[in-house]
Amino acid sequence: MGERGLIEQAFAEAPFSDDGWLKALDVMATATGSARGQLIFMGERHLGFNCVTNVSDDYFGDFVAIEGHRPEVNWRVAASGRPLEIIHEHHYDAARAVHTDERYLDHARRFDAEDGAQTVLATGASGLFGLATLRARNDGRTDERARATFGFAAHHALAAVRAQIALESQGAALVRGSLEALRVAAVLIDGNGMVCAVTPGAETVLASNSFKLVGQQLIATAKQDHIALQARIGAAMRGIDFAGPDMWTRIAGAACLVEVTSLPSMRWNFGFRPRLIVTFRFPVPIGRDDAARLAAALPLTQAEAEIVALLAAGLPRTNIAAVRGTSAETVGTQLRAIFGKCEVRREAELVALAVSRLSPR
């Protein structure tokens, strides 16, 4: 098999095998006479991933530390052209002539990766995919043959990227389908922090305007809820447990528990697979009408009936307080008054009484 045949085969297999992308980038680098191959995904404000062959682990930490995805830092990014346009040292020289930030140049020289060729494979709302060869000093600069081989590889890399995105999108659809079958109100968030699927139950939540999508990102419209949601998403993205209290809010007047759960991560993915599940749980089986019926059936105010409903749903006093925007001590005081009105001594008796009053006769 010839050189180009090896490139074509390597990229065709990349989305479907372990370390397939590293192997394909290495084949491309060898064919172009380069020390390293690179596949990168980045947005305007974030680095999605950076896959580079034949470098030490220090390379990646250093790239992040200097914010190498930013065009004002990285002259390679500043020199980027149109999709599948081949950019090389001639363009780098022009970009570096007006570039004043030396951090990326120091980085490239430290890891012996100053020259090479690059192209944008694809762009989208989340960011762009870039392919590059990084050449060491001993490799010299690219010539026409190396750039032609790189251009050939770029077309096959693009096909492989599209295949991997399709596979990851199927994963989102499968997870969404499972949650939908379970009637779970959930929003799926990918590894880039973007919403990749929404179940019908969650569409109702978004329609309430308590939560909404802005640029494919999930936000809460209330400032306090937004801060709480982003803290939980950030922790789940890092794979750590959130240490704070449960997040309770109200959606269309109903109590709602918002939970953020991380899914198992995979070594080789572009970040489009579901990474997190944000679920909206409405544990209170008693609606406004039922609360009104309960208030009429028992000597309770509407507010007291809602507390009984939350208690019947299994919520502890601290969570009832969070839902109602008050303290656990206040809820305790209110429950003592409710016990007296209903002539019961324990929460279990109160719940049983409430259920009996609402059960069809």
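Q: What makes β5 and β11 count as paired strands?
A: In this predicted model, β5 (residues 185–190) and β11 (residues 274–281) are joined by 6 bridges and run antiparallel. Two strands pair if there are at least two bridges between them, so β5 and β11 with their 6 bridges qualify. To look at one of those links, find alanine 186: its bridge partner in β11 is threonine 279.

Q: Why are β6 and β9 called edge strands?
A: Start with the order of this open sheet of 5 strands, β6-β5-β11-β10-β9, with antiparallel pairing. β6 (195–198) and β9 (247–251) each pair on one side only, and that's what makes them the edges. From one strand to the next, the twist averages 25 degrees.

Q: How do you know where α12 sits relative to β9 and β10?
A: Helix α12 (residues 317–324) lies across β9 and β10 (254–262), and its direction makes an angle of about 45 degrees with β9. Angles of 65 to 115 degrees count as roughly perpendicular and those under 35 as roughly parallel, so about 45 degrees is oblique.

Q: Which residues of α12 are buried, and what covers them?
A: The buried ones are Asn319, Ile320, Ala321 and Val323. Their cover includes β9 and β10, plus the helices α11 (302–312) and α13 (328–342). Just after α12 comes glycine 325, with a positive phi of about 70 degrees.

Q: What makes β2 and β3 the edges of the 4-stranded sheet?
A: This open sheet has the order β2-β1-β4-β3 and antiparallel pairing. β2 (47–52) and β3 (115–123) each pair on one side only. The twist here averages 15 degrees from one strand to the next.

Q: How do you know that β1 and β2 pair?
A: Count the bridges: β1 (residues 36–42) and β2 share 5 of them, in the antiparallel sense. The cut-off is at least two bridges, so 5 is enough to call it a pair. One place to check by eye is isoleucine 40, whose bridge partner in β2 is asparagine 50.

Q: Which helices lie across the strands of this sheet, and at what angles?
A: Helix α3 (residues 58–65) lies across β1, β2 and β4 (128–135), running at about 145 degrees to β2. Helix α5 (residues 89–97) lies across β3 and β4, at about 90 degrees to β3. Since 65 to 115 degrees counts as roughly perpendicular, α5 is roughly perpendicular to β3.

Q: Why is glycine 116 called buried?
A: Its relative accessibility is 0%, and buried means under 20%, so glycine 116 makes the cut. This residue lies in strand β3. Leaving out residues up to four places away in sequence, glycine 116 touches Arg76, Ile87, His88, Glu89, Tyr92, Thr133, Arg135 and Thr142. As for glutamate 347, 231 residues away along the chain, its C-alpha is 72 Å from that of glycine 116.

Q: Why are α1 and α2 described as roughly antiparallel?
A: The axes of α1 (residues 3–13) and α2 (residues 20–31) come within 8 Å and cross at roughly 160 degrees. Angles over 145 count as roughly antiparallel, so the label fits α1 and α2. Their crossing is left-handed.

Q: What makes up the contact of α1 with α2?
A: On the α1 side you'll find Glu3, Leu6, Ile7, Ala10 and Phe11, and these meet Gly20, Trp21, Ala24, Val27, Met28 and Ala31 in α2. By class, that's 9 nonpolar, 1 polar and 1 charged residues. Gly counts as polar and Glu as charged, so Gly20 and Glu3 fill those two single slots.

Conventions. Residues numbered from 1 in each chain as written. Predicted model: local features only at pLDDT ≥ 70, side-chain atom pairs only at ≥ 80, totals over all residues. Heavy atoms only, no water. Axes fitted to C-alpha atoms, helices over the stretch in contact; angles between N-to-C directions. Contact = heavy atoms within 4.5 Å. Left-handed = near helix turned anticlockwise from the far one by under 90°. Buried < 20%, exposed > 50% of the residue type's maximum accessible area, 1.4 Å probe, protein only.
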